[in-house]
Amino acid sequence: MRRLSALFRALHTLSNRPARQKAGVVGSRCGFCGTQSNKPQPRFGLLFDIDGVLVRGRMLIPAAQRAFQKLVDSQGQFVVPLVFVTNAGNCLRQTKADQLSHILGVPITQDQVIMSHSPLRMFKKFHEKCVLVSGQGPVLEIAHNVGFKNVVSIDMVRESFPLLDMVDHNRRPKLPSSSVVSLPEVEAVVLFGEPIRWETHLQLIIDVLLTNGNLSSPHHTHATPHLPLLACNMDLMWMAEANSPRFGHGTFLVCLENIYKKITGRDLKYEALMGKPSELTYHFAEFLIRSQAEQRQWKLPITSLYAIGDNLMTDIYGANMYNRFLEERVARKNPKAVAKVAAATGSSATVPREEELDSLWESELALPSATSCKSILVCTGVYNPNAAVPSDANSCIKETVFHGHRDFRFDPALVEPGHIVKDVAEAVDLIFEQEKFVPQ
């Protein structure tokens, strides 16, 4: 990863040069069209990662305050539509919006926040099923908030089947016991984010998958396929206050996948993967950007998106993959283009199946108006710009350890940022320059 980041730093000048040459004037000579109040009207929207871009843990990155001073007018309104796209999944959107409002000192609504689990509201075919949820925080409330009606938590399973959780000797039942509370059979599993007690969650999730949701029965290691599994947040690591990145939900998924394969000899399959770099997340973000523009009565369509992040394998990979999708949006009419998107990532798990594509995107969110999604990498989080530049760039790419999810194939083109800047304030300046946008 250090070698790859060094390569991209070396490529920074080359990648920026053609991008600046291609930057066009949007709308009038000033790059925007005025509304009736003669204020500038943007034709672009911003997608902000949070950890490593705006904050590190609970600490505000100073550049974030400078950036948002440029994004808010004298009336306290944002001058461009924007959303905060985080792979965190341990709280409600409103809670995250309140946290951001407090930290940034500007009013943020829940409609400007996308958690890794936000796209789950589109998976309506599971909303009436009994689902087991894993994660931390108010997982039951989060599940109900995105549409699930019948929810079971890991704690509820543990209380009902106390003999299943045996790793921690201090938590084992002191006396022989049987099922305490009768739970309905689980029909699907939803993974919101990294849990607290990994051994308990790993054991009980495996139990549910190998018993087809009936925990009173023994494992059936040869049964296939297993129950539907939906996972949010694929970050292997994330940046907090520590000097080095910390384990993320992607690390938990690596453990789950390998345990399942070791026991059964088969790969764990996902019904869907959500959060960055999944295209579902970026399409949902584009929908919220478009909705904000409509609420502000900005008449011109939002044609460009800019995604600002600190992680090559999630923020940059996801933005570039969505940009590739936008370039191939003929997929709405040509099924072969859908196959191209899947082939680019190495797995159909990253994109809904063809027969589900229209029902998920067109019926829920409508087709995108954006024609591009440009990636900008900042140096305040996971990305480390301080490694030595390698002498052999091609060898560097081939030897890179891929930190993305198992179901996403490493593609060097998808992890090359459009621009590399010092921090989020420089990113906003660059975008305004690219768009020739001068807020009033």
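**Exercises on helix and strand packing**

Helix α9 (residues 312-327) lies across β15 and β16 and runs at about 165° to β16, where angles run from 0 to 180 degrees between N-to-C directions and axes are lines fitted to C-alpha atoms, for helices over the stretch in contact. The model is predicted, with local features needing pLDDT of at least 70 and side-chain atom pairs counting only at pLDDT 80 or more, whereas totals for chains, interfaces and linings use all residues. Residues are numbered from 1 along each chain as its sequence is written, and side-chain values use heavy atoms, leaving out hydrogens and water.

**Exercise 1.** Determine how β15 and β16 pair, and place them in their sheet.

Solution. Strands β15 (residues 304-309) and β16 (residues 372-378) pair in the parallel sense over six bridges; two strands pair if DSSP finds at least two bridges between them. Within this pairing, I308 has I376 of β16 as its bridge partner. The open sheet has six strands in the order β7-β6-β3-β15-β16-β17, with parallel pairing, and its edge strands, each pairing on one side only, are β7 (113-114) and β17 (419-421).

**Exercise 2.** Describe the packing of α6 and α7, and classify the residues in their contact.

Solution. Helix α6 (residues 198-210) and helix α7 (residues 249-264) pack at an angle of about 45°, their axes 11 Å apart. That makes α6 oblique to α7, since angles under 35 degrees count as roughly parallel, over 145 as roughly antiparallel, 65 to 115 as roughly perpendicular and the rest as oblique. The contact (heavy atoms within 4.5 Å) includes W198 and H201 of α6 and T251 and F252 of α7. By class, this contact has 12 nonpolar, three polar and no charged residues.

Conventions:
Helices (H or I, at least four residues) and strands (E, at least two) are DSSP runs, numbered from the N terminus. Ala, Val, Leu, Ile, Met, Phe, Trp, Tyr, Cys and Pro count as nonpolar, Asp, Glu, Lys and Arg as charged, and the others, Gly among them, as polar.
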